[in-house]
Amino acid sequence: MITVTLHTDQQVEIDGTRVQRLRRATRGENPLGKNSKVLLTRIDWDDLYYVKDDLRELAERVTQELPTLDTLDTPALGQFWFNARISAGPRHLSQGYRRDGVRSALSIGNLDRLQLVANSPQEVAAVIKRNGGRVLPIIDDAKYSDLIAGLHLLSLPVADWAAGS
């Protein structure tokens, strides 16, 4: 168990083996207010906690309990840590999403949104593979467009033209 200090200054224990992701909290999600000078760390695990613990130091403590905690980079928030064993990626991003430093994405556990990253799809695949996660094929844009077009054809209604329907 790992002791952390919540944004309310209360100390609680969490099970490090259940951590899905650690990252710096954004100003907009800071429960102390957008103008707070206190930098918080966000912990996604069985619940969502905002803690006063230093991100890197907390990641070191969690790694002692969760060896598959690994790191990648976000374009906006810098380095983050995640349980690579329960992750899948790289997820293909269309060119419209690949801007402002975003190069790839992955899914982490049961978090309901893709984690956008500054790392290449190859780097994402390598981190997930070395930790026993689910590595997805790296699909180039042309092949992805063909795949989507093929899926569209599967969704068209089937008609028996010879029977007049």
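**Group meeting: helix α1, two cores and some backbone exceptions**

Of the 165 residues in this protein, 39% are buried, and I should say at once that what we are looking at is a predicted model. The protein has 3 helices and 11 strands, and if we read from the N terminus the order of elements is β-β-β-β-β-α-β-β-β-β-β-α-β-α. Among the contacts with a separation of 6 or more, 50% are between residues 24 or more positions apart. The accessible surface amounts to about 9900 Å², and carbon and sulfur atoms account for 52% of that area.

Let me begin with helix α1, which spans residues 55–65 and in which L55, L58, A59 and V62 are buried. Viewed down the axis of α1, these buried residues fall within an arc of 100°, and therefore they line one face of the helix. As a general reminder, an α-helix has 3.6 residues a turn, so residues three or four places apart point the same way. On the face of α1 turned away from the buried side we find the exposed residues R56, E60 and Q64. The cover over the buried residues of α1 includes strands β1 (2–5), β3 (21–24) and β4 (41–44), together with β5 (48–51), β6 (69–74) and β7 (78–83). At the start of the helix, a side-chain oxygen of D54 comes to within 3.2 Å of the backbone nitrogen of R56, and R56 is one of the exposed residues I have just mentioned.

From the helix I turn to the nonpolar cores. The largest of these has 18 residues, and V19, L22 and I43 are the ones with the most contacts inside it. At least two residues of this core are supplied by each of β1, β2, β5 and α1, and the largest share, 4 residues, comes from α1. If we then ask which residues I43 touches, leaving aside those up to four places away in sequence, the list is V4, I14, V19, R21, L22, L48, Y49, V51 and L58. There is also a second, separate core of 10 residues, which includes L72, L106, V127 and I128. In soluble globular proteins, nonpolar side chains tend to be buried together.

Next, consider the loop between β1 and β2 (11–14), where L6 is found. Is L6 buried or exposed? Its relative accessibility is 12%, and because the cut-off for buried is under 20%, L6 counts as buried. Not counting residues up to four places away in sequence, L6 touches V12, Y49, Y50, V51 and K52. L6 and L40 are 34 residues apart in sequence, while their C-alpha atoms are 9.0 Å apart in space.

D9 lies in that loop between β1 and β2 as well, and its phi is near 75°, a positive value in a residue other than glycine. D100, in the loop between β8 and β9 (104–108), also has a positive phi, near 55°. With a relative accessibility of 69%, D100 counts as exposed.

The last feature I would like to show is in strand β8 (residues 87–91), which contains P90. The peptide bond from G89 to P90 is cis, with omega near 5°. For context, most residues other than glycine have a negative phi, and most peptide bonds are trans.

Key:
Residues are numbered from 1 along each chain as its sequence is written. This is a predicted model: local features need pLDDT of at least 70, side-chain atom pairs count only at pLDDT 80 or more; totals for chains, interfaces and linings use all residues. Side-chain values use heavy atoms; hydrogens and water are left out. Buried means under 20% relative accessible area, exposed over 50%, partly exposed in between (1.4 Å probe, protein chains only). The arc is that of the directions from the helix axis to the C-beta atoms. Contact means heavy atoms within 4.5 Å. A polar contact is a pair of N or O atoms within 3.5 Å; within protein, one must be able to donate a hydrogen and the other to accept it, and residues adjacent in sequence count only if both atoms are side-chain atoms. Accessible areas come from the Shrake-Rupley method with a 1.4 Å probe; for residues, only the protein chains shown count as cover. A nonpolar core is a set of buried Ala, Val, Leu, Ile, Met, Phe, Trp, Tyr and Cys residues joined through side-chain atoms within 4.5 Å.
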